[in-house]
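Me: I've got a structure open and a pile of labels I'd like justified. Can we go through them one by one?

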Amino acid sequence: MVKCLITAVFILSVCISYSQSPTFRNPGGDRFSFGTETKRTASIAHGDIDNDGDVDVIVANGRHWPDQNEIYFNNGSGTYTVSKDLGIYKSTSYAAELADLDQDGDLDIVIGNDKAPNRLFFNDGKGEFSDRGGFGDINSPTRNITLGDIDGDTDIDIIITNRRAVNEICLNDGKGYFTETVNFGSEDDSTIDVELFDIDKDGDKDLILANRDGGQNFIYLNEKLSFTEKIPFGSGNDETRSVAIGDLNQDGYVDLVTANIREPNQIYFGKKDLSFTESIVLDTLNDASYSLDTGDFDMDGDIDILIGNYGSPNAVYRNEGNGETYTKIQLSEKEFNTYDIKFADLNNDDLIDIMEANSDGRNIYYRNMIKRD
């Protein structure tokens with residue numbers, strides 16, 4: 001079946017063909033999952049935390065209710081046969097991210113919690129973690145964490161997005177302590193996600209915001225940690241849950257993809273003048289899309305899109321080369337409540353697989369079965 005979409009923003013036909021043979025495989029059962037319990041999982045992160053050359057996984061559980069966060073260790077073949085708890089406390093966790101915060105060569109863990117202290121866990125290099133304490137406002141309704149060097153001093157800072165509260169940037173002192181905080185946005189914002197990218201090409205990273213509750217999506221331009229200049233994108237009253245970036249049409253300018261709730265997901269094409277007014281609809285379905293990621297899963301040189309939905313099947317959209325035409329590949333018939341979805345090479349075969357963080361459902365992963373030339 002082929003479905004053609006016409007955008008109201010400019011005249012452009014976008015054809016989405018629906019694949020009959022899935023490229024990703026999850027055989028069911030217990031093996032292709034992170035545990036067998038069904039928790040209120042909100043986030044999933046990946047990286048080699050024990051320095052053995054494979055990709056391990058951090059699962060953040062709880063959302064509004066305290067639960068135990070977990071670490072799953074890769075056995076080297078892309079299977080997760082050993083796990084352990086992260087920390088001694090159960091938390092209202094919405095976000096987990098990995099980065100080398102103290103610049104000692106291993107990956108540390110950042111956990112964002114809803115109206116509870118956010119937590120830092122520092123790695124000894126072998127996957128054993130010590131609780132460093134908190135960061136940011138302990139009462140903020142944290143929904144996501146983004147990591148990156150926002151002040152240009154070569155260490156990793158923490159960007160906290162808070163729903164219906166001011167957002168926070170916690171600056172790293174170079175040793176993994178975050179005592180200085182810079183706010184951005186307002187108490188009226190409902191920011192759920194932030195991406196970092198140098199939009200204006202002035203050498204620092206700007207903030208690309210996904211706002212829900214009918215708020216305007218913005219790009220905040222970074223001028224020495226002042227964010228007064230803003231570039232709007234979207235309709236102005238979207239329910240955007242997640243945003244991702246990539247040069248989808250390969251014209252040299254970064255594009256934006258938004259995952260929206262009860263409205264079609266969109267692609268906004270970047271231009272030389274820093275505008276994002278030209279857009280296309282990715283899919284006409286009014287799914288509750290909660291998460292997305294971008295990456296070249298079929299290794300053809302362009303960027304594909306991965307969408308995680310709440311209450312409807314998840315899908316990959318394969319870019320057919322121009323950023324305007326996509327083939328939809330549904331992952332399964334399952335209608336999970338997917339709060340987070342990620343591309344990652346789990347079994348070291350140089351193909352990116354898929355991981356799902358499902359609230360009130362099992363957290364599963366799919367192997368990339370695409371045939372290489």
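Reply: Sure. Ground rule for the sheets: two strands count as paired if DSSP finds at least two bridges between them. By that test four strands make an open sheet in the order S8-S9-S10-S11, with antiparallel pairing. Keep in mind that this is a predicted model.

Me: Why are S8 and S11 said to stand at the edges?

Reply: Strand S8 (93–99) and strand S11 (129–133) each have a single partner strand, so one side of each has no neighbour in the sheet. From one strand to its neighbour, the turn averages 25°, ignoring direction.

Me: How do you know that S9 and S10 pair?

Reply: Pairing takes at least two bridges, and strand S9 (residues 108–113) and strand S10 (residues 119–123) have three, in the antiparallel sense. Ile-109 sits opposite Phe-121 of S10. The two strands form a hairpin with five residues between them, and Lys-115 there has a positive phi near 50°.

Me: And what makes S10 and S11 a pair?

Reply: Four bridges, again antiparallel, against a requirement of at least two. Phe-121 has Asp-131 in S11 as its bridge partner. This is a hairpin too, with five residues between the strands, and Gly-125 in the turn shows a positive phi of about 100°.

Me: What makes S10 "largely enclosed"?

Reply: Four of its five residues are buried, so the rest of the structure largely encloses S10. Buried here means under 20% relative accessible area.

Me: Where does the S12 sheet have its edges?

Reply: That open sheet has four strands in the order S12-S13-S14-S15, paired antiparallel. Strand S12 (142–148) and strand S15 (180–184) are the edges: each has a single partner strand, so one side of each lacks a neighbour in the sheet. The twist from one strand to the next averages 20°. S12 and strand S13 (residues 157–162) pass the pairing test with six antiparallel bridges, and Ile-145 stands opposite Ile-160 in S13.

Me: Why is Val-55 called buried?

Reply: Its relative accessible area is 16%, and the cut-off for buried is under 20%, so the label fits. Val-55 lies in the loop between strand S4 (39–47) and strand S5 (56–61). Apart from neighbours within four places in sequence, Val-55 contacts His-46, Gly-47, Asn-74, Tyr-80, Asp-345 and Leu-346. Val-55 and Asn-348 are 293 residues apart in sequence but 8.3 Å apart in space, C-alpha to C-alpha.

Me: Is Asn-348 buried, exposed or partly exposed, and what makes it so?

Reply: Partly exposed, because its relative accessible area is 43%, in between the under 20% for buried and the over 50% for exposed. Asn-348 lies in the loop between strand S28 (338–344) and strand S29 (353–361). Asn-348 also has a positive phi of about 55° although it is not a glycine.

Me: How do you know which label Arg-262 gets?

Reply: Arg-262 has 59% relative accessibility and counts as exposed, since the threshold is over 50%. Its loop runs between S21 and S22. Arg-262, not a glycine, has a positive phi of about 60°.

Me: What makes a set of residues a nonpolar core, and which members touch the most others?

Reply: Members must be buried, nonpolar by the list used, and joined through side-chain atoms within 4.5 Å. The largest such core has 14 residues, and Ile-267, Leu-282, Leu-292, Ile-305, Tyr-317 and Tyr-326 touch the most other members. Strand S21 (255–260), strand S22 (265–269), strand S23 (278–283), strand S25 (304–310) and strand S26 (315–319) each supply at least two residues of the core.

Me: Why is the whole protein called as compact as a globular one?

Reply: The protein has zero helices and 30 strands. Its radius of gyration is 20 Å, close to the 21 Å the globule rule gives for 373 residues, so it is as compact as a globular protein of that length. Buried residues make up 59% of the 373.

Me: How confident is the predictor in all this?

Reply: The average pLDDT is 92, and 93% of the residues score at least 70. Residues 1–15 are below 50, though this stretch has 44 contacts in the model beyond near neighbours in sequence. Residues 17–21 also stay under 50, with 13 contacts beyond four places in sequence.

Methods:
Residues are numbered from 1 along each chain as its sequence is written. This is a predicted model: local features need pLDDT of at least 70, side-chain atom pairs count only at pLDDT 80 or more; totals for chains, interfaces and linings use all residues. Side-chain values use heavy atoms; hydrogens and water are left out. Buried means under 20% relative accessible area, exposed over 50%, partly exposed in between (1.4 Å probe, protein chains only). pLDDT is the predictor's confidence in each residue, from 0 to 100. Contact means heavy atoms within 4.5 Å. Axes are lines fitted to C-alpha atoms, for helices over the stretch in contact, and angles run from 0 to 180 degrees between N-to-C directions. The radius of gyration is taken over C-alpha atoms; the globule rule is 2.2 Å times the number of residues to the power 0.38.
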